[in-house]
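Had a look at the charged side chains in this one, and here are my notes. Have the structure open while you read.

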Amino acid sequence: MSDGPNLHNLLETWQRVQEQLNQAKDAVGDEQVEAETGGGLVRCVVNGRSEVLSLTIDPSLLPESAKKMVEDLVVGAVNLALERARQVAQEDLARVAGGLGVLPGDLGG
């Protein structure tokens, strides 16, 4: 007579799935994509972790003396906003998970 799936096997399977998810997340995080607007006047490169790696503004849009500073300031502001958004999302998830009696890390986050 069977009592259903073996708990030990389920736990091992869960751990393997978690490991594979973490590996996939790392691989996606290393990917880079580039986008441009204005026919290439502004270019942005981001990675799979939603981090802005670079922003390039065509010199015709800004005086050269301000260009690099504006690019750096925009990259910093966007990354800070994204980090804050991730923190808010994580806090919200933690509240929901806490209400379910589950730890956020158990959800693969």
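The points below go through some of the salt bridges.

1. First, a reminder that this is a predicted model. It holds eight salt bridges, and I pick out a few of them here.

2. Start with Glu 36 and Arg 43, whose side chains pair up in a salt bridge with an N to O distance of 2.8 Å. Glu 36 has a relative accessibility of 41%, so it falls in the partly exposed class. Arg 43 is partly exposed too, at 34%.

3. Next, which residues are linked with Asp 30 in a network of salt bridges? They are Arg 49 and Glu 51. The Arg 49 to Glu 51 contact is a salt bridge with N to O at 3.5 Å, which makes the cut because the limit is 4 Å. As for accessibility, Arg 49 comes out at 40%, partly exposed, and Glu 51 at 30%, also partly exposed.

4. Now look at helix α2, which spans residues 64-100. Lys 67 and Glu 71 form a salt bridge there, at 2.8 Å from N to O. The two sit four residues apart in the helix, so about one helical turn separates them.

5. Are Lys 67 and Glu 71 buried or exposed? Glu 71 has a relative accessibility of 6% and therefore counts as buried. Lys 67 is at 11%, so it is buried as well; the cut-off for that class is under 20%. If you're checking charged pairs by eye, please include this one: it is a salt bridge with both partners buried.

Definitions and conventions. Residues numbered from 1 in each chain as written. Predicted model: local features only at pLDDT ≥ 70, side-chain atom pairs only at ≥ 80, totals over all residues. Heavy atoms only, no water. Buried < 20%, exposed > 50% of the residue type's maximum accessible area, 1.4 Å probe, protein only.
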